[in-house]
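Visitor: I am new to this structure. Could you walk me through it, one question at a time?

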Amino acid sequence: MPTHSPGPPAAVLCGLAGWVPARVVTNDELAERLDTDDTWIRTRTGIRRRHVIEPGEATSDLAVAAGRRALRHAGVASVDAVIVTTTTPDRPCPATAPAVAARLGLAGAAAFDVGAVCTGFVYGLATAAGLITSGVADRVLLIGADTYSTIVDPLDRANAIIFGDGAGAVVLRAGQADDPGAVGHFDLGSDGAHEDLITVTAGGSRQRSTGGEVQHRDRHFAMRGNEVYRHAVTRMAQSARAVLDTAGWKTDDVDHFVPHQANLRILHSVADDLGLPRERCVTNVDAVGNTGAASIPLALADAVARQAIRPGDRLLLTAFGGGLTWGSCLLTWPDIQPVPADPYDRGDETAS
Amino acid sequence: MSTTTYDQLVAILAKLHDAPADRFTPEATFAELDVDSLTMVEISIRIERDLGVTVHDSELRPTLTLGGTAALIDAKKAR
């Protein structure tokens, strides 16, 4: 794509969409199989319901649905690269992105997965921006998609109430650093010494080379909640401050804080720590739960559709996830066509 | 001094927890206030953030009273 003014190239957001599967699981439904209730879940997590896939569905199905809508929203039919960021790929091998690209009619595009657990979308944004600024690609489709229902033990009270399935996608194009929508500054980090805090123990090379019978709990997602909470709040606040410092923004310059939708209490704690009024914290965790790598684009799609985020608004995106990983990114919201009123397809459900 | 710390502790709790304000008394324990473990972590984070004292959430036992917590914070401050 030719650019007409001089200056370094930048990746500019030009399309956005989200999608969640039709099936809704309410807190009341969870209370039928778990020792919990709606009030407990709502007051502890802020979550009212989540969406889950049907048997036989996979992460790529959600990624294709979100990707197709994002391409349509951007008004483009082709891209040079497709990045899927996920913790729940369709298979251990190959990556999910090539199949997604093919099903979107984008065969031939570069396609690969990025794994950074719940920080995946921010890592994916940095990767996509790198492809564009290095001249490798002029347009990139980035999809965050996860189906935690496939790795969380349905009888695990701590995690089954939190996670939901979903996908969110953005299209990035080559442009200029001062274009609205340019993804500018990043802060990314990790601390692998804490890999055990958020994990699926079995299924990888360590367990396969060890052999022996796989324990039930090792097949499922496990999270050491109290320690993760502390790291999440601390790391997200540090990362947000770091990216603001890099860009020379003050906290007050942030119109909307769009964090990974982990749990409402974590989001409010980080906002309080940063000195950001809680009303500037964009959230839809009540409607979809924690959707992993999909959570930031799903929250963005929801807020843009409600016109809570408008062209010219300054956004701070911050995520935290297994690894441990964390990351932040700043951007000014572009003047792109509003997302349709229903931000993400809720299937047959009529929102309560 | 301990009054101030106690008031600061109650101010932290009031931001986080939906128990009615009249239940925050020096004699009330975390268990009686139905404070769950993640809220304990959040209280620990905010004590460090707002009062500059490190109290790990494992030190905030369910049987600990709010008055006892304020005393614990003051003892750490005095160190």
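Visitor: Which residues does UniProt list for "active site"?
Guide: This is a predicted model. The labels come from an unreviewed UniProt entry. The residues listed there are A:C118, A:H260 and A:N290.

Visitor: Are these residues gathered at one spot or spread apart?
Guide: They span 173 residues in sequence. Yet no two of their C-alpha atoms are more than 8.9 Å apart. So they gather at one spot.

Visitor: Where is the place of A:C118 in chain A?
Guide: Look between strand 5 (110–114) and helix 5 of chain A. A:C118 has its place in the loop there.

Visitor: Is A:C118 buried or exposed?
Guide: A residue is buried if 20 or more other C-beta atoms lie within 10 Å of its own. A:C118 has 31 other C-beta atoms within 10 Å, so it is buried.

Visitor: Leaving aside neighbours within four places in sequence, what is A:C118 in contact with?
Guide: One stretch of its contacts includes A:A319, A:F320, A:G321 and A:G322. A:G292, A:A293 and A:S295 are also among them. The list also holds A:A262 and a residue from the UniProt "active site" list, namely A:H260.

Visitor: Where is the place of A:N290, and is this residue buried or exposed?
Guide: A:N290 is in the loop between helix 10 (285–288) and helix 11 (295–305) of chain A. Inside 10 Å there are 25 C-beta neighbours. The cut-off for a buried residue is 20 or more. So A:N290 counts as buried.

Visitor: Leaving aside neighbours within four places in sequence, which residues is A:N290 in contact with?
Guide: A:I162, A:F163 and A:G164 are among its contacts. So are A:Q261, A:A262 and A:N263. The list is completed by A:V285 and A:S295.

Visitor: Which domains does the assignment give for chain A, and how many Å apart are their C-alpha centres?
Guide: Domain 1 covers 9–176 and domain 2 covers 183–338. The contact takes 50 residues from domain 1 of chain A and 46 residues from domain 2 of chain A. Their C-alpha centres lie 14 Å apart.

Visitor: On the side of domain 1 of chain A that touches domain 2 of chain A, how many residues are nonpolar, polar and charged?
Guide: Among the elements that each supply at least two residues to this side are strand 1 (9–19), helix 5 (120–133) and strand 7 (165–176) of chain A. By class, this side of domain 1 of chain A has 28 nonpolar, 15 polar and 7 charged residues.

Visitor: Which element gives the largest share of the side of chain A that touches chain B?
Guide: The contact takes 10 residues from chain A and 9 residues from chain B. Helix 2 (38–45), helix 8 (225–247) and helix 9 (264–274) of chain A give two or more residues to the chain A side. By class, that side has 2 nonpolar, 4 polar and 4 charged residues. The largest share, 5 residues, comes from helix 8 of chain A.

Visitor: What ipTM and pTM does the predictor give the complex?
Guide: These two values apply to the complex. They are an ipTM of 0.85 and a pTM of 0.92.

Visitor: Where in chain A does pLDDT stay under 50?
Guide: Chain A averages a pLDDT of 93, and 94% of the residues score at least 70. One stretch stays under 50, and the model has 4 contacts for it beyond four places in sequence. That stretch is residues 348–352 of chain A.

Visitor: What radius of gyration does chain A have?
Guide: Chain A has 11 helices and 14 strands. Of its 352 residues, 52% count as buried. A compact globule with 352 residues would have a radius of gyration near 20 Å. Chain A agrees, with 19 Å.

Visitor: Which element of chain B has the highest mean pLDDT?
Guide: Chain B has 3 helices and 0 strands. Helix 1 (residues 2–16) of chain B has the lowest mean pLDDT, 83. The highest, 91, belongs to helix 3 (residues 66–78) of chain B.

Conventions:
Residues numbered from 1 in each chain as written. Chains lettered and ligands numbered in written order. Predicted model: local features only at pLDDT ≥ 70, side-chain atom pairs only at ≥ 80, totals over all residues. Domains from an automatic or database assignment. Contact = placed C-beta atoms within 7 Å. Helix = DSSP H or I, 4+ residues; strand = E, 2+ residues; numbered from the N terminus. Nonpolar A, V, L, I, M, F, W, Y, C, P; charged D, E, K, R; others polar. UniProt positions renumbered as here; feature names shortened; annotations may be inferred. Buried ≥ 20, exposed ≤ 12 C-beta atoms within 10 Å, placed from the backbone. pLDDT = per-residue confidence, 0-100. Rg over C-alpha atoms; globule rule 2.2 N^0.38 Å.
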